[in-house]
Amino acid sequence: KEVLEAMLQEKYGLAVRFAESRVVCIEKPMGIGEAAEEMGKGENPFAATVGFRVEAGQPGSGISYALEVQLGSLPLPLHRAIEETVYETLKQGIYGWEVRDVAVTLTHSGYSSVGSTAGDFRLLVPLVLMQALVQAGTQVYEPLNDFELHGPTHALSHGMFQLTLAQAIFEQPTLHGDNFRLTGTLPVATTEEFKRELLTYTEGQGMLTTKPGGFRRIDGEILPTRKRADNNPLDRKEYLFNVGR
């Protein structure tokens, strides 16, 4: 951050400040949720009908989108508006994190040939999709690093203790002369602090290499959240006010 600040100041005369670094989590659906709103019924102010089913997708699938309605039930531009908005909406789930490994199915569709626009669908989709997602529920997952740790054998017990404090999962160490090797997974959230401590108790002889290692579900009643940067479709009144309806 300090290097970037100096570079931007020197090259472009920009005085910038960076916020505190945060670990970026993801969300995954836990169950199955369904929701639908029909044009002209209930409290739907949009000239559009959409319904969705949300459920867990295959691991590593990201977002999969499918139709349970006839492709010809809507003009192609309206289908495109729905699909694009689904992907955009799922960048922020119930806890504000991007939703992955989720299967979304369009179960209801309808429009007015004289009154409906792509904008109606783009505004209605977030409301309905988030209703379905709330019904399905999501769990938050934190990012992990796969790590390989090398150091002098006299620091092995201290290293294993620090890894345990950092919530790492690791294999049995292997010894090579006066050095050890440890491999396992380490939360991204605790990786940097572990690196700083490593230099002290290994007297500068320890070396840690890491690479992305997937995600691990966070257990507990209080899950990390991220502040929303959209019109908040989780709150219907706030959302309709924000979009001017």
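## Notebook: loops, cores and salt bridges

I started with Q167, which I found in the loop between α4 and β8. Note to self: this is a predicted model. Q167 is not a glycine, yet its phi is positive, about 65 degrees. I also jotted down that Q167 comes just after α4. As background, most residues other than glycine have a negative phi.

I then looked up D101, another non-glycine residue with a positive phi, near 50 degrees. D101 sits in the loop between β5 (98–99) and β6. Is D101 buried or exposed? I get 8% relative accessibility, so D101 counts as buried.

**Helix α4**

Since Q167 had brought me to the end of α4, I went through the helix itself. Which residues of α4 (residues 156–165) are buried? My list reads L156, G159, Q162 and L163. Around the axis they cover an arc of only 125 degrees, so they are on the same side of α4. The textbook reminder fits here: an α-helix has 3.6 residues a turn, so residues three or four places apart point the same way. On the other side of α4 I noted S157, T164 and L165 as exposed.

What covers the buried residues of α4? I wrote down β7 (138–152), β8 (169–170), β9 (174–176), β10 (179–187) and α5 (188–201) as being included in that cover.

**Cores**

Next I turned to the largest nonpolar core, which has 31 residues. Which of its members touch the most other members? They are V50, F52, V54, I82, V86, L90 and V104. I then checked which elements supply at least two residues each, and got β3 (49–56), β4 (63–67), α2 (76–89), β6 (102–110), α3 (118–136) and α6 (236–242). The largest share comes from α3, with 10 residues.

I picked I82 for a closer look and ignored its neighbours within four places in sequence. Its remaining contacts are V50, F52, Y65, L74, L106, F121 and V125. V50 and F52 are also on my list of residues that touch the most other core members.

There is a second, separate core of 14 residues, and L156, F180, Y201 and L208 are among them. I recognised L156 from the buried residues of α4.

**Strand β1**

I26 was my next lookup, and its place is in strand β1 (residues 26–29). With a relative accessible area of 3%, I26 is buried. What does I26 contact beyond its neighbours within four places in sequence? I have W97, E98, R100, Q139, V140, Y141 and F215. For I26 and E98, which are 72 residues apart along the chain, I noted a C-alpha separation of 5.1 Å.

**Salt bridges**

How many salt bridges are there? The count comes to 16. The general idea is that side chains of opposite charge can pair when their charged atoms come close.

I followed R236 first. Its side chain meets that of E37 in a salt bridge, 2.7 Å from N to O. R236 lies in helix α6 and E37 in strand β2 (residues 33–37), so this pair ties together parts that are 199 residues apart in sequence. R236 is partly exposed at 21% relative accessibility, whereas E37 counts as buried at 10%.

R236 also forms a salt bridge with E43, where the closest N and O atoms are 3.8 Å apart. E43 is in the loop between β2 and β3, so its pairing with R236 in helix α6 ties together parts 193 residues apart in sequence. At 63% relative accessibility, E43 counts as exposed.

Two more for the page. R228 and D230 meet through their side chains in a salt bridge of 2.9 Å, N to O, and D230 is partly exposed at 30% relative accessibility. I also found E34, R53, E55 and E68 linked in a network of salt bridges.

**Surface patch**

Last, I looked at the outside. Which residues make the nonpolar surface patch of about 250 Å²? They are L4, M7 and F18. L4 lies in helix α1 (residues 2–12), and I have it as partly exposed, with a relative accessible area of 41%.

Terms used. Residues are numbered from 1 along each chain as its sequence is written. This is a predicted model: local features need pLDDT of at least 70, side-chain atom pairs count only at pLDDT 80 or more; totals for chains, interfaces and linings use all residues. Side-chain values use heavy atoms; hydrogens and water are left out. A nonpolar core is a set of buried Ala, Val, Leu, Ile, Met, Phe, Trp, Tyr and Cys residues joined through side-chain atoms within 4.5 Å. Buried means under 20% relative accessible area, exposed over 50%, partly exposed in between (1.4 Å probe, protein chains only). Helices (H or I, at least four residues) and strands (E, at least two) are DSSP runs, numbered from the N terminus. Contact means heavy atoms within 4.5 Å. Patches are made of residues with over 30% relative accessible area and no salt bridge: like charges are joined within 9 Å, nonpolar side chains (Val, Leu, Ile, Met, Phe, Trp, Tyr) within 5 Å. Accessible areas come from the Shrake-Rupley method with a 1.4 Å probe; for residues, only the protein chains shown count as cover. A salt bridge is a side-chain nitrogen of Lys or Arg within 4 Å of a carboxyl oxygen of Asp or Glu. The arc is that of the directions from the helix axis to the C-beta atoms.
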